Amino acid sequence: MNEAKRHLVTAALIAGLLIAWEVTGQMKLVAGGTLPAISAILSRLVAEFPEYLPHLAETLKTASTGFVIGNVIAVAAACLFCLFPLTERLFRGINITVFTVPPIALAPVLVIAMDGNAARITLAALLVYFPTMTAALTGLQTADPRAIDLVHAYGGGRFKALWLVRIRTALPAVLSGFQIAAPAAVLGAILAEFGSGARWGLGSFLLGSLGRAEPDRLWGIGLTATAISALGYVAAALAAKWVTGENRALGLTVSQVRSEPERGRLHKAVMVVAALVFPFVIWQVLIWMSGLSPIIAKTPYGVFEYLFLGRGAESAQTRLLVALGETVPVTLLGMLVGLLFAFLLSLISFLSPTIMRAILPFALFTQTMPLVALTPLAVLIFGRGLTVTLVITTSVTFFAAFVVLAQGFAMIPKSAFDLVDAYGASVLQKLRLIAIPACGKWIFVAGRLALPKALLGVMIAEWLATGKGLGNLLNQSRGYLDYGMIWTVALVSILLSVALYQLAELAEKLVTGGRSKK
Amino acid sequence: MSISINRRRFLQSAAIGAAALSVPSGITRALAATPLTMQAAWINDAEFCGYFAALDEGYYTDAGLDLTYLPGGPDVIPESTLIAGRADLALTTPDTTIKAIVDQGAPFKIIGAQYQKNPIGIVSLAKAPIKSPEELKGKTLAVPPVNVISVEAMLEINGIDRSEVNIVPYAYDPTPLLKGEIDASLDFTTNVPYTIEQQGEEAYSFLLYDFGYKTYNDTVVVTEETLAEKRDLLVAWMRASRQGWNANFQDPAAYPPKFADTWFKGTGRTVENEIFFNEAQQPLIENPNGIFAMDDAGIDANIETLNRIGIKASKDMFDTSLLAEI
Amino acid sequence: MQGLPLSFNDVSKAFTIKGEALRVIDGMTLECPAGSFTAILGPSGCGKSTLLRLALALEEDDGGSVKVGGDDPVLARRSGAVGVAFQDAALLPWRTVQDNVRLPFEVLGRTPDRKQIGDLIDLVGLKGFEKAKPGELSGGMRQRVAIARSLVTDPRVLLMDEPFGALDLILRRQMNLELQRIWSAKRPTTLLITHGVDEAVYLADRVVVLSPRPARVLADIDIPFERPRGPELLRDPAFHELCDEIGAHLDSGRGDA
């Protein structure tokens, strides 16, 4: 098929999906018409567009500011971690914390600690930081070792290697990070607007519109949010495509056996302890600096006291354990489902870029359509049980994992496929022999991105649909001004996510154990 | 610590300076006015009509106040805003406030109550009405997580076992009620019935208040520190706000259209909805002793209700002395 | 510029793989006088490349000492005295041919010698490809870019790790001729790691045959042929005799592995 033909097929597929949507909406096939027809959504969107404008402008401003700040910090941090691996270990706890802290737990704290606008930008930037940082670091570290050797051979140090080789090598990875970061920034801005009492922004507009029981308005807001995210996503994707072509490895690089300086057990233990303690130190310092009352701003000791020493310690422990018992099993299941879905999707994108290009706009839509607007629909279709939780969790987890996996598939050198093609390999063989092994590292990066998000997905489902577990506990605690429990849930959910993250790393070690590192 | 507070004060005064500069030169009074910040409980809707009226009519300015109005939202816990020093007074739900005083030792005082009767109630469809707590048995009721405590209290007061009602989260959207996925929801009875009627259904609702859950709502709360330092300003605020509410209730349909392009602009709601809201809330707010009134019987009812659900409310949490000074 | 002497004195090196020490080089001593051309032959995986990496200070030795011009290799490379060409071209795929050749200047922080860059690209037969990206070149052409790059700083020590391994025989012969010509003009001290016996004999003053891991010197053979050496040397029976002798050493090494 030539290029024009392929675009035609993509367009036809998208048109087909849209028509299916339209028919479903017109005939009120889904949940008694809760899924509106696309024409109803669009005509209302067009008619009301002047009302959208100030909200759109505000969300764009917040999201793009957060996007820039978050990404600058993320790339700078990745460079620092690459240059001085020690810092990466030290900041590991902080990084995972930033990534895993559920925005629904963070938003109320940000809102009281900062001015409204600063809080909203901060949330957007926080959601942006981790995906870009991880992608950039992986990119920096996977630079061609021969090229690095070459720089060293001419007396260049690690800064020269970073500047001349690593940064440019990492560019496609950084841009794939931006692809995840763009919808994340929009979502962060909308989430913050939704909760923080903002006058303007799509999030505020959504909140006011929720009570109207008019799904076409909610979907209109979701579409608008998707449009801005798509803009960022497509820009990053185009840039990535442009630089990836040149970066494609020229041949399969021979993995080199490198000696790593052997470190003693003591050194390792010290690093582990430091990584564990460092986030708590930062936490304590931030609380001191904020000057907030201990009623709302709990220090690490404050949480310990609340959970073990205070008057209500026993009741708090019981409530927490009950919630954990409800949340943890579902999270484990949700994370598997989410990852599997991402893998299937990236497989489709690998096997048939045409189909993928048609699916992508819809996949992107799930990332930016605020979940709170979709909940009535999700509840009406899937009920309030395990299914709805898994659906919401998958929608939260799959996207980041998918982008990374698809990028991994794209980085496989052409020559590798030519080789097996020569033996008449089938698509499945190509997948098994080349694609899956070659993007092994990316599978684990994807896993690390997806796993902690599974908990967030489950908590959102609990908050909006099922009324169980940690998500519900968190929101009820807000009604009681029970900041001890709010901080406890935030801490426990972070620890849980860190555990899941470590699980992914452990799996990576077990699988790649035989191979050399770096 | 003190540095950050000073910085915040500095930023505040800088913002006030900027605001003062933007005031037309003819109005010199604004420059002399003393700044005061209030934290509302929700986004801009008819619930706060009285304050918008007072702002637009210049009642606060006349009282020597330069009022900053902060809208609320799901993540804004008004009491937290007070503790963080970002507002001088806040409109709160009394159960949260009193629980915070009892459990956390928060230094709050309730100095007035906007809603004499709490407008939260059980809303169902008229074609399958739920007319009393008794009829909730075996039904699915959607409740915002923060209000579960109130519903549990109401059930207990009416002798209904909590486990007989299937309580699920309510996510601000009445669609599941309209589609019959849930049988009833807990919401402001002043608001949701309008939406339901717009969707071609008839609503039935009852107040928790009428079934023994006798609490105020949108209680005016300050910290003890503010009460001591800004007593005059608070009285001035209550006086001006009362003026605003009185003006608003002269004709509940009059003000909402005026706010369409200002206070209510961009909220995503309709002016008709706000008029409905405003009319519905009038009997819940008005009191012969004036807006914000808290008489002994009312306070006792609040205390008794909260005590029944284990929140140890007491009289000293309410301070009626400012009401007397209005 | 004069070449610098290169010396390995009782050098040892082991790697740790899955917690087990793997001795790659065991007490090796090798002197390469200033301006000499030494070729290293040995079976795959015997530690030839490690030797070169030690001279580049890309690996740290576990014992003994490596000196370049009597100094630490780190100092030598920082002064720009060393040129290097690796097994695969190791070109930066986003840079054009001339920008790849220019890279060493950038690393060293020197002003690029544009004439030198142009001349070398010309010398390796890539005139007209200055603006091409590596992706647009064949394997042989890429390797020639790498050769040009290794020579661009006028190195006093030239370290080459199977630089022609990926080339076909004809191209390889051609490159051998060119390298010989360039080397004769500048006379950097050269260490060439190779698999090709005839290539080693043709280019070097001296061929060192290493044993399988851990690497020891099995044979150290002087190559007596006069320079400049032309293509006719390849047809000289004495040349083939010497090649056979060295081949025999290699085979004997394999035997006791």
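## Contacts between chains A and C and between domains

The contact between chain A and chain C takes 22 residues from chain A and 25 residues from chain C. The model is predicted. Three helices of chain A, α7 (145-153), α8 (158-195) and α10 (215-247), each supply at least two residues of the side that touches chain C. Which helix gives the largest share of that side? The answer is α7(A), with seven residues. By class, the side of chain A that touches chain C has nine nonpolar, six polar and seven charged residues.

Next come the contacts inside chains.

**Chain C.** The domain assignment gives two domains here. Domain 1 of chain C is written in two segments, 6-81 and 156-255. Domain 2 of chain C covers 91-154. Their centres, taken over C-alpha atoms, are separated by 24 Å. The contact draws 13 residues from domain 1 of chain C and 14 residues from domain 2 of chain C. On the domain 1 side, β6 (157-161) and α6 (169-186) of chain C each supply at least two residues. The helix α6(C) gives the most to this side, with five residues. By class, the domain 1 side that touches domain 2 of chain C has nine nonpolar, one polar and three charged residues.

**Chain B.** The assignment again gives a domain 1, with segments 33-117 and 216-325, and a domain 2, at 122-211. The centres of domain 1 of chain B and domain 2 of chain B, taken over C-alpha atoms, lie 25 Å apart. In this contact, 10 residues of domain 1 of chain B meet 11 residues of domain 2 of chain B. Which elements give two or more residues to the domain 1 side? They are α13 (271-285) and α14 (296-308) of chain B. With five residues, α13(B) gives the most to the side of domain 1 of chain B that touches domain 2 of chain B. That side divides into four nonpolar, three polar and three charged residues.

The table sets out the classes for each side described above.

| Side | Nonpolar | Polar | Charged |
|---|---|---|---|
| Chain A, touching chain C | nine residues | six residues | seven residues |
| Domain 1 of chain C, touching domain 2 of chain C | nine residues | one residue | three residues |
| Domain 1 of chain B, touching domain 2 of chain B | four residues | three residues | three residues |

To recap the top contributors: α7(A) gives seven residues to the side of chain A that touches chain C. On the domain 1 side in chain C, α6(C) gives five residues. On the domain 1 side in chain B, α13(B) gives five residues.

Key. Residues are numbered from 1 along each chain as its sequence is written. Chains are lettered from A and ligands numbered from 1 in the order in which they are written. This is a predicted model: local features need pLDDT of at least 70, side-chain atom pairs count only at pLDDT 80 or more; totals for chains, interfaces and linings use all residues. Domain bounds come from an automatic or database domain assignment. Two residues are in contact if their C-beta atoms, placed from the backbone, lie within 7 Å. Helices (H or I, at least four residues) and strands (E, at least two) are DSSP runs, numbered from the N terminus. Ala, Val, Leu, Ile, Met, Phe, Trp, Tyr, Cys and Pro count as nonpolar, Asp, Glu, Lys and Arg as charged, and the others, Gly among them, as polar.
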